[in-house]
Amino acid sequence: QVQVVESGGGSVQAGGSLRLSCTASGRPFSTIVTGWYRQAPGKQRELVASITSDGSTNYLDSVKGRFTISGDSVKNTVYLRMDSLKPEDTAVYYCRIVVLAAKASEYWGQGTQVTVSL
């Protein structure tokens with residue numbers, strides 16, 4: 001089993017910054033892709049950013065230029081740096097990791113709350 005833990009959420013004013021961390025632990029595994037998702041009350045969950053084991057990244061259009069996803073293979077951690085935060089970014093942010101063993105499996109973290117005020 002793989003455990004996924006997010007951290008780094010909090011409350012900031014518009015224009016501020018936060019860095020979220022997603023750390024995976026447990027049995028040996030190889031990561032295929034890590035994604036950061038967010039869900040605001042009453043809204044659908046959406047993919048914010050993703051990074052593959054090769055380092056390829058992808059971003060939601062509304063966060064391009066403001067958010068940066070990166071990984072540290074030694075620490076088995078993926079980060080989401082969020083700059084120029086807007087109230088619309090307020091949501092619970094979740095980390096999803098897809099790993100490969102005998103088959104591909106996905107693991108989700110518990111989520112971390114991000115609140116951006118005016």
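Which residues does a disulfide join? In this predicted model, the bond runs between Cys-22 and Cys-95, with a separation of 1.9 Å from S to S. The structure holds one disulfide. The two cysteines belong to distant parts of the chain, 73 residues apart, with Cys-22 in strand β3 (residues 18-26) and Cys-95 in strand β9 (residues 91-100). The torsion about the S-S bond of this pair is about -75°, and the disulfide is therefore left-handed. Both ends of the link fall under the 20% limit for burial: Cys-22 has a relative accessible area of 1% and is buried, and Cys-95, at 0%, is buried as well. In general terms, a disulfide is a covalent bond between the sulfur atoms of two cysteines.

The strand that carries Cys-22 also takes part in strand pairing. Strand β3 runs antiparallel to β8, and six bridges connect the two. Within this pairing, Val-78 of β8 is the bridge partner of Cys-22. Strand β8 spans residues 77-82, and five of its six residues are buried, so the strand is largely enclosed by the rest of the structure. A further antiparallel pairing, again over six bridges, is formed between β8 and strand β7 (residues 67-72). Here Tyr-79 in β8 is the bridge partner of Ser-70. Strand β8 is thus paired with β3 and with β7.

Strands β7 and β8 form a hairpin with four residues between them. In the turn of this hairpin, Asn-76 adopts a positive phi of about 55°, although this residue is not a glycine. Asn-76 lies in the loop between β7 and β8 and is partly exposed, its relative accessible area being 30%. A second non-glycine residue with a positive phi is Ser-84, for which the angle is about 50°. Ser-84 is placed in the loop between β8 and β9, and its relative accessible area of 40% makes it partly exposed.

Thr-77 illustrates the surroundings of β8 in detail. This residue is located in strand β8 and counts as buried, with a relative accessibility of 6%. Its side chain reaches the backbone oxygen of Lys-75 at a distance of 3.0 Å. When residues up to four places away in sequence are not counted, Thr-77 touches Ser-21, Cys-22 and Thr-23, together with Ser-70, Gly-71 and Asp-72. Among these contacts are Cys-22, a member of the disulfide, and Ser-70, the bridge partner of Tyr-79.

Another set of antiparallel pairings involves strands β4, β5 and β6. Strand β4 (residues 30-39) is joined to strand β5 (residues 46-52) by six bridges, and the two run antiparallel. Trp-36 has Ala-49 as its bridge partner in β5. The hairpin of β4 and β5 has six residues between the strands, and Gly-42 in this hairpin takes a positive phi near 75°. Strand β5 is in turn joined to strand β6 (residues 57-59) by three bridges, also in the antiparallel sense. Ala-49 has Tyr-59 as its bridge partner in β6, so that Ala-49 is bridged to Trp-36 and to Tyr-59. In the hairpin of β5 and β6, four residues lie between the strands, and Gly-55 takes a positive phi near 95°.

One aromatic pair was counted in the model. The pair consists of Tyr-37 and Trp-108, whose ring centres are 4.9 Å apart and whose planes meet at 50°, so the arrangement is tilted. Tyr-37 is part of strand β4, whereas Trp-108 is part of strand β10 (residues 104-108); the pair therefore ties together parts that are 71 residues apart in sequence. The two residues differ in burial class: Tyr-37 counts as buried at 15% relative accessibility, while Trp-108, at 29%, counts as partly exposed. The ring of Tyr-37 has a further partner, as the charged end of Arg-45 sits over this ring, 5.9 Å from its centre.

Conventions: Residues are numbered from 1 along each chain as its sequence is written. This is a predicted model: local features need pLDDT of at least 70, side-chain atom pairs count only at pLDDT 80 or more; totals for chains, interfaces and linings use all residues. Side-chain values use heavy atoms; hydrogens and water are left out. A disulfide is a pair of cysteine sulfur atoms within 2.5 Å. Buried means under 20% relative accessible area, exposed over 50%, partly exposed in between (1.4 Å probe, protein chains only). Two strands pair if DSSP finds at least two bridges between them. A polar contact is a pair of N or O atoms within 3.5 Å; within protein, one must be able to donate a hydrogen and the other to accept it, and residues adjacent in sequence count only if both atoms are side-chain atoms. Contact means heavy atoms within 4.5 Å. Rings of Phe, Tyr and Trp (its six-membered ring) pair if their centres lie within 6.5 Å; planes under 30 degrees apart count as stacked, over 60 as edge-to-face and the rest as tilted. A charge sits over a ring if NZ of Lys or CZ of Arg is within 6 Å of the ring centre and within 35 degrees of the ring normal.
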